[in-house]
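Have a look at the sequence and the structure below, and keep the viewer open while you read. We'll go through some side chains and then zoom out.

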Amino acid sequence: MEGRTDEKRRMKILCLHGFRTSGSFLEKQISKWDPSIFHHHFDMEFPDGRYPAGGKSDIEGIFPPPYFEWFQFEKDFTVYTNLEECISYLCEYMTSKGPFDGLLGFSQVINYSIFIHASSSSTGATLSALLLGYQAQGKVLKDHPPIKLFVSISGSKFRDPSICEIAYKDPIKVRSVHFIGAKDWLRLPSEDLATSFHNPLIIRHPQGHTAPRLDEDAVEKLRGWTKEILSNDRDNGGAKIENGILHEAACKILVEVSGDLMVKTEAGVAETTPA
């Protein structure tokens, strides 16, 4: 029976909820997934958005408040308020509470007026992809290790050209999986976002704008995807500092290198010492 990954090797994923929902709501949404995909192997954090919801939430009556949003935007999704503040907040969060190995993002359907006027508004996944693109271009998270994985549920791109020409300038070389629903009104924007990533895994499902229930085929694909990521992390020694503690594998490497240097130094002294 497959159990939890050794605590010393557990990777961390920061999970960003959608518009006017909450971290606890996103946690509930993905709790229906087989735990062998993520929960057995990763520590997952579900923070709330920086700002209280500024209007009606579509999950009222479905999930209890409070509700939050990461930033605000106009109906055509090209004018944003508090976006820079949100980015700064998340970068500080990731640096102080991380490092994080991955990002997961999702958005629940927002109100109908925005549905009519906007083709791109899934804030959690959209914001996560923006951070990845900005980090790849050296714009943010300069003191944070490169993010290794990305999980997009109904994701999309920002539409402001000044953002696009930086964030999506080059293919983002982060292992990514994209959940795209056949009935999702953001299906085409989600397809477009996936093209911004190098060799993305796409999980298609027959549902709409939701964290989907997964069939056995999707579960097996995702298990293989996470297994490869975890294997690569182990092969690289998991050499990273978390909360000021250097991992055992990294210490072993440093001891071996230091010992080798001492041997070489002593040999050099012996060769140059007069008889």
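## Charges over rings

Start with Lys157: this lysine lies over the face of Tyr168, 5.2 Å from the centre of the ring. Keep in mind that you're looking at a predicted model.

There's another pairing of this kind to find. Lys12 sits over the face of Phe100, and here the distance to the ring centre is 4.6 Å.

## Rings meeting rings

Now for aromatic rings that pair with each other. The structure has 12 aromatic pairs. When people describe such a pair, they give the distance between the ring centres and the angle between the planes.

Which residues do ring pairs link into a cluster? Try picking out Phe19, Phe71, Phe73, Tyr80 and Phe158 in the viewer, and you'll have the cluster in front of you.

## Cysteines without bridges

How many disulfides does a search of the whole structure find? The count is zero.

Why does Cys91 have no bond to the closest cysteine sulfur? That sulfur belongs to Cys86 and is 9.2 Å away from the one in Cys91, so the two are too far apart for a bond. For a disulfide, the two sulfur atoms would have to be within 2.5 Å.

Is Cys91 buried or exposed? Its relative accessibility is 12%, so Cys91 counts as buried. The cut-off for buried is under 20%. Cys15 is also buried, because its relative accessibility is 0%.

## A histidine in a strand

Next, find His178, which is part of strand β9, a stretch covering residues 175-181. Its relative accessible area is just 2%, so His178 counts as buried.

What surrounds this histidine? The side chain of His178 makes a polar contact of 2.9 Å with the side chain of Ser176. If you skip the neighbours within four places in sequence, His178 still touches a whole list of residues, including Phe150, Ser152, Leu193 and Phe197. Pro200 and Ile203 are among its contacts too.

## Zooming out

Time to step back and take in the whole protein. You can trace eight helices and 12 strands along it. Of its 275 residues, 48% count as buried.

Contacts tell you about the fold as well. Among those with a separation of 6 or more, 77% are between residues 24 or more positions apart. As for the outside, the accessible surface adds up to about 13800 Å², and carbon and sulfur atoms account for 54% of that.

Terms used. Residues numbered from 1 in each chain as written. Predicted model: local features only at pLDDT ≥ 70, side-chain atom pairs only at ≥ 80, totals over all residues. Heavy atoms only, no water. Helix = DSSP H or I, 4+ residues; strand = E, 2+ residues; numbered from the N terminus. Buried < 20%, exposed > 50% of the residue type's maximum accessible area, 1.4 Å probe, protein only. Contact = heavy atoms within 4.5 Å. Areas by Shrake-Rupley, 256 points an atom, 1.4 Å probe, with all protein chains shown as cover. Phe/Tyr/Trp six-rings, centres within 6.5 Å; stacked < 30°, edge-to-face > 60°. Lys NZ or Arg CZ within 6 Å of the ring centre and 35° of its normal. Polar contact = N/O pair within 3.5 Å; in protein donor to acceptor, adjacent residues only side chain to side chain.
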